[in-house]
Amino acid sequence: MKKIEAIIKPFKLDDVREALSLIGVSGITMSEVRGFGRQKGHKELYRGAEYQVDFLPKVKLEIVVTEDMVDRVVECIIESAKTGKIGDGKIFVFNVEQAYRIRTGEQAEDALS
């Protein structure tokens, strides 16, 4: 099993969610996060004062899938989250040693669906 973490722009969340459901992804965890990379934040004006916003709003998706689904999920996220502009995000893939469904006690891949 693999865990895929994707950091994307917030307005692309619905596009990514719909695309993932079309390829059979049955569960996603979403968190609203803040961060920066090459974007380096931006300046805003508030009540006449200019200030630097270093951390930009992003969405973090966490998806655990079987190993045979990883490439399809990653491609799907790239295609549906891409704007072609700086700050589109990143995708990370991790190994998952074990998974458990709390309600039933199912383990491993049985706990994913």
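I will talk about charged residues in this structure, beginning with the salt bridges and ending with a surface patch. Please keep in mind throughout that what we are looking at is a predicted model.

The structure holds five salt bridges, and I will go through some of them in turn, taking the burial of each partner along with the pairing itself.

Let me start with Lys9, which sits in the loop between β1 and α1. Its salt-bridge partner is Asp88, and the closest N and O atoms of this pair are 3.8 Å apart. Asp88 belongs to the loop between α2 and β6, the strand that covers 89-95, while the loop of Lys9 runs between β1 (2-8) and α1 (13-22), so this pair ties together parts that are 79 residues apart in sequence. Are these two partners buried or exposed? Lys9 counts as buried, because its relative accessibility is 13%, and Asp88 likewise counts as buried, at 16% relative accessibility. If we leave aside the neighbours of Lys9 within four places in sequence, the residues in contact with Lys9 are Lys58, Thr83, Lys85, Ile86, Gly87 and Asp88, a list that includes the salt-bridge partner just described.

The next pair is Lys12 with Asp15, a salt bridge in which the closest N and O atoms are 3.4 Å apart. Here Lys12 counts as buried, with a relative accessibility of 12%, whereas Asp15 is partly exposed, with a relative accessible area of 37%. Elsewhere in the model, salt bridges that share partners join Lys3, Glu5 and Glu62 into one network.

Within that network, Glu5 forms a salt bridge with Lys3, and the closest N and O atoms of the two are 3.2 Å apart. Glu5 is buried, its relative accessible area being 14%, while Lys3 is partly exposed, with a value of 23%.

Let me turn, finally, from the paired charges to the surface. Which residues form the negative surface patch? The patch is made up of Glu67, Asp68, Glu109 and Asp110. Of these I will single out Glu67, which lies in the loop between β5, spanning 56-65, and α2, spanning 70-81. Glu67 is exposed, because its relative accessible area of 53% is over the 50% that the term requires.

To put the two ends of the talk side by side, Lys9 is a buried residue at 13% relative accessibility that forms a salt bridge with Asp88, whereas Glu67 is exposed and takes part in a negative surface patch.

How values were computed
Residues are numbered from 1 along each chain as its sequence is written. This is a predicted model: local features need pLDDT of at least 70, side-chain atom pairs count only at pLDDT 80 or more; totals for chains, interfaces and linings use all residues. Side-chain values use heavy atoms; hydrogens and water are left out. Patches are made of residues with over 30% relative accessible area and no salt bridge: like charges are joined within 9 Å, nonpolar side chains (Val, Leu, Ile, Met, Phe, Trp, Tyr) within 5 Å. Accessible areas come from the Shrake-Rupley method with a 1.4 Å probe; for residues, only the protein chains shown count as cover. A salt bridge is a side-chain nitrogen of Lys or Arg within 4 Å of a carboxyl oxygen of Asp or Glu. Lys and Arg count as positive and Asp and Glu as negative; His and the chain ends are not counted. The place of a charge is taken as NZ of Lys, CZ of Arg, CG of Asp or CD of Glu. Helices (H or I, at least four residues) and strands (E, at least two) are DSSP runs, numbered from the N terminus. Buried means under 20% relative accessible area, exposed over 50%, partly exposed in between (1.4 Å probe, protein chains only). Contact means heavy atoms within 4.5 Å.
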